[in-house]
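Please open the structure in your viewer and keep the selection tool at hand. The tour below goes stop by stop, with a selection to make at each one.

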Amino acid sequence: MTLDSRFGAALRVPSVRDDEILIDSTRKEKSGVRLDGRRVTLRDVVVVLPFVGLPAAIAFDGMRESTSIDGAPIGNTSPGNHLFLYLDLGLVLLLVIAGWARRRFRAPPGLGPFVLLLASFMPAMALTSFGPYSSYKVIQMLTVTAALVFGALVVIDRPARRVALLWAAAALGVLVAVVAVARPNPAYQVRDAVVLTGSVAITTARIIGLGAVSLLCLGLIVRRWRLVALVAAAILTVPLIMTGARGPVVALAGAGIAVVACLNRGSRWRSLLPVAALGGLLVYLISSSMLPLSVASRFDVLRGGPMDDSSEARLELGRIALDAVLRHPLGVGWGDFGSVVPPGLLMVVPGREDIIYPHNLALEVASEGGVVALGGLLLLAVSVVHVLRSRGVDPSTFAVVPVLVFAVINSMSSSDLNGNLMVWVLAAVILAARGRWGRHGRESIGRSGLEHPSRPPIGVRSRLPIP
């Protein structure tokens, strides 16, 4: 199995207009739930885009690099080839500064659990070797990943921005799918797989899958775009399957379950039918004889077939990680998981022999950061669930939950701590919902004292309590 670290590799004070959500005109659904005619503006989507666009920016930068047969970059890796990455990070920095300044540099709601998480990561720093990979990992953790999390808390902090996140992720998923089909990676064409040039299968699939989940959510909460969004989500499953990446396919199925749990509108069949149809399409595509044999064989393990080398390697890494937790309860140090992996066990990219991680976020945190870091991760998870169960949370927050579920399931089978940055960003988006809605279901707007009535802006109903 090839291990690759490239997975990781104009605001104003809020007003009533800023919180407008494009859900529907002022009408009533058949369920009797009244929907507001508030709007998500193009500005909202543009502001949110950099926070969900970093993986796509890295992938598009990779299109300008020459790649070897295993997808590793060779040559042409000068700083000028990271234009989209630097542009995305620059926009994130500007938005964070502008948004935080508008808050008079006060701590945003939801920051506490991330501060405790970072504090729980600190003891393992004393055990870190700070070699090439571990140094890169720690630096990215404390800079890029931290900036994206803080920016999500500051910027994506109200309903319009949360729904704008779905639009942004959907647009990126469609764009990557179209470009991947138009310009597939020659290294994967020999296997009849559709992968973005300069990228790898899992990276392409995760971006496309994130777009498919976002479109599914939009199809259920935005009435006027329902048919278009649901059809587009179904179409995206085709290039998703053609990448041959299994993790995002499983994650899409898990996100579908989350959609039914969180976005049933009035009656459960409204969300169950499109999710069931999407699931049926996935099953058909995976089992269809029209699928190239080289791609179809990748999914045999999901049908109870024999395990391939990649699956066996992931299981072995998981076993080693669990053993490392028992032998090193304080962790082995960030980025130093490779020190407990027997030499020659894995096939790695030449020159990147130290870039080894468990391919499972929870096991990575536990083995490298120790039980203290694992406790911080569990605290963050409990905080997210607590926000979702609180009576004051606005319904738009639940529209983000399936996307978070998709990211979490992906993190259980691929990439490292920084490569799974969408887990941290989406968790921050949900935690940012805390403090925006008061005990009586009313939302304060800036210092002007303007408040909205407690009628939820999105016509959704969840098993979780909503006022």
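What follows is a list of stops, with what is found at each.

**Before selecting**

This is a predicted model, in which local features need pLDDT of at least 70 and side-chain atom pairs count only at pLDDT 80 or more, while totals for chains, interfaces and linings use all residues. Residues are numbered from 1 along each chain as its sequence is written, and side-chain values use heavy atoms, with hydrogens and water left out.

**Stop 1: the whole chain**

Show the chain as a cartoon. There are 16 helices and four strands. Helices (H or I, at least four residues) and strands (E, at least two) are DSSP runs, numbered from the N terminus. Of the 467 residues, 56% count as buried. Buried means under 20% relative accessible area, exposed means over 50%, and partly exposed is in between (1.4 Å probe, protein chains only). Now switch on the surface: the chain exposes about 19,400 Å², and carbon and sulfur atoms supply 66% of that area. Accessible areas come from the Shrake-Rupley method with a 1.4 Å probe, and for residues only the protein chains shown count as cover.

**Stop 2: the nonpolar cores**

Hide the surface and select Phe114, Trp334 and Trp424. These residues have the most contacts inside the largest nonpolar core, which has 124 residues. A nonpolar core is a set of buried Ala, Val, Leu, Ile, Met, Phe, Trp, Tyr and Cys residues joined through side-chain atoms within 4.5 Å. Helix α8 (residues 201–221) gives this core its largest share, 14 residues. Another core, of nine residues, lies apart from it; Ala313, Leu317, Ile320 and Ala321 are among its members.

**Stop 3: helix α15**

Select residues 401–411, which make up helix α15. How many of its 11 residues are buried? Eight are, so to speak of α15 as mostly covered fits the count under the cut-off of 20% relative accessible area. The buried ones are Val401, Pro402, Val403, Leu404, Phe406, Ala407, Asn410 and Ser411. To see what covers them, add α6, α8, α10 (247–262), α14 and α16 (421–431), which are included in the cover. Contact here means heavy atoms within 4.5 Å.

**Stop 4: salt bridges**

The structure holds 10 salt bridges. A salt bridge is a side-chain nitrogen of Lys or Arg within 4 Å of a carboxyl oxygen of Asp or Glu.

Select Asp157 and Arg103, which form a salt bridge with the closest N and O atoms 2.5 Å apart. Asp157 lies in the loop between α5 (132–155) and α6 (159–182) and Arg103 in the loop between α3 (83–102) and α4 (111–121), so the pair ties together parts that are 54 residues apart in sequence. Asp157 is buried, with a relative accessible area of 3%.

Next select Lys137 and Glu364, whose side chains meet in a salt bridge of 2.3 Å, N to O. Lys137 sits in helix α5 and Glu364 in helix α14 (residues 361–389), and the two are 227 residues apart. Both Lys137 and Glu364 are buried.

Then select Asp308 and Arg298, which form a salt bridge at 3.7 Å, N to O. Asp308 is partly exposed, with a relative accessible area of 22%. Arg298 is also partly exposed, at 28% relative accessibility.

**Stop 5: an aromatic pair**

There are six aromatic pairs in the structure. Rings of Phe, Tyr and Trp (its six-membered ring) pair if their centres lie within 6.5 Å; planes under 30 degrees apart count as stacked, over 60 as edge-to-face and the rest as tilted. Select Trp100 and Phe150, an edge-to-face pair at 5.0 Å centre to centre, with 80° between the planes. Trp100 lies in helix α3 and Phe150 in helix α5, so the pair ties together parts 50 residues apart in sequence. Is Trp100 buried or partly exposed? Trp100 counts as partly exposed, at 30% relative accessibility, whereas Phe150 is buried at 17%. Add Phe105: ring pairs link Trp100, Phe105 and Phe150 into a cluster.

**Stop 6: Asp61**

Asp61 is found in helix α2 (residues 54–62) and counts as buried, at 2% relative accessibility. A polar atom of its side chain lies 3.2 Å from the backbone nitrogen of Leu83. Not counting residues up to four places away in sequence, Asp61 touches Asn81, His82, Leu83, Phe84 and Leu85.

**Stop 7: Asn264**

Finally, select Asn264, in the loop between α10 and α11 (269–287). Asn264 counts as buried, at 7% relative accessibility. The C-alpha atoms of Asn264 and Leu220 are 8.2 Å from each other, and these residues are 44 apart along the chain.

Terms used. A polar contact is a pair of N or O atoms within 3.5 Å; within protein, one must be able to donate a hydrogen and the other to accept it, and residues adjacent in sequence count only if both atoms are side-chain atoms.
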